[in-house]
Amino acid sequence: MKLKSTLLVLVSLLIGLTSCSDSSNSDSLTQEELSALSKLDTIKITLETGDRMIFDKTDITVFEGQAVVVTLHHTGTMAKSSMGHNFVLLEQDVSVKDFAYAVADQKVNEYLPADKKGVIAHTGLIGGGEITSVTFQAPKKGTYDFLCSFPGHSSTMKGKFHVK
Ligand SMILES: [Cu+2]
C-alpha cells in the first residue's frame with residue numbers, strides 16, 4: 001500500500017515535470033523548422049498571457065532582416081488597470097530590472113519612457129480579452145531581452161529574443 005502511494009507521487013511528479021518543459025519555447029524547434037522560418041520575409045510570433053503574470057513563451061527566435069510581427073493576446077478577464085500587459089523589446093545595453101524600475105511611475109505613458117529610450121519595439125498596454133500587435137524590423141544578430149513593463153510584472157514576465 002505504501003509502495004503504491006509512493007509510485008503515485010512519482011508518476012504525478014513526472015507528469016508535472018513534463019508539462020513544465022512543454023511550455024512552448026522556440027528553442028524546442030527542430031533544425032528543419034528553424035531553417036524554414038529563416039526563409040520567411042515576415043515572421044509572426046504570438047505571445048499569450050492572461051490573469052497571471054506569465055508569457056507563454058520565454059524564448060523567441062527570429063532572423064536578421066526579417067519583418068517581425070508580435071501579436072500579444074491577453075486571454076484573461078482582468079482590467080488593464082490591475083493586470084495590464086505589454087510586450088517591450090529592449091536594446092542590448094538596457095537591463096530589464098533597471099528599465100522596469102525606471103518606468104514603474106510612467107502610468108501616463110503606459111509604463112514606457114516618454115522618449116522611448118532603450119526600446120526597440122513595443123505594443124500597447126492591454127487588458128483581459130484584448131489583442132494588440134506590433135511590426136518591426138529584426139535588429140542585428142544577437143540576444144535581446146523582452147518584458148512586460150507593467151509595475152511588478154517583469155520579475156516573471158520576461159524572456160530572451162534571439163536574432164539569428
Ligand atoms: Cu504584465
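Colleague: What makes strands 1, 3 and 6 an open sheet, and which strands are its edges?

Modeller: This is a predicted model. In it, three strands line up in the order 1-3-6, with mixed pairing. Strand 1 (42–49) and strand 6 (131–137) each pair on one side only, and those are the edge strands. Neighbouring strands here are turned by 15 degrees against each other on average, direction ignored.

Colleague: How do you know that strand 1 pairs with strand 3?

Modeller: Pairing takes at least two bridges. Strands 1 and 3 are joined by eight, and run parallel. So they count as paired. Thr42, for one, stands opposite Ala67 in strand 3.

Colleague: Why is strand 8 said to pair with strand 2 and with strand 7?

Modeller: The cut-off is again at least two bridges. Strand 2 (residues 59–62) has four to strand 8 (residues 158–163), running parallel. Strand 7 (residues 142–147) has six to strand 8, running antiparallel. Both therefore qualify. Ile60 has Phe161 as its bridge partner; Thr143 faces His162.

Colleague: What makes Leu89 stand out in the largest nonpolar core?

Modeller: That core has 27 residues, and Leu89 is among those with the most contacts inside it, along with Phe87, Val88, Leu90, Phe146 and Leu147. Strands 2, 3, 4 and 7 and helix 4 each supply at least two core residues. Beyond four places in sequence, Leu89 touches residues including Ile120, Tyr144, Phe146 and Phe161.

Colleague: Where is the pLDDT below 50?

Modeller: The chain averages 88, and 84% of the residues score at least 70. Over residues 5–25 the pLDDT is below 50. Beyond near neighbours in sequence, that stretch has six contacts in the model.

Notes
Residues numbered from 1 in each chain as written. Predicted model: local features only at pLDDT ≥ 70, side-chain atom pairs only at ≥ 80, totals over all residues. pLDDT = per-residue confidence, 0-100. Contact = placed C-beta atoms within 7 Å. Core = buried A, V, L, I, M, F, W, Y, C linked by C-beta atoms within 7 Å. Buried ≥ 20, exposed ≤ 12 C-beta atoms within 10 Å, placed from the backbone. Axes fitted to C-alpha atoms, helices over the stretch in contact; angles between N-to-C directions.
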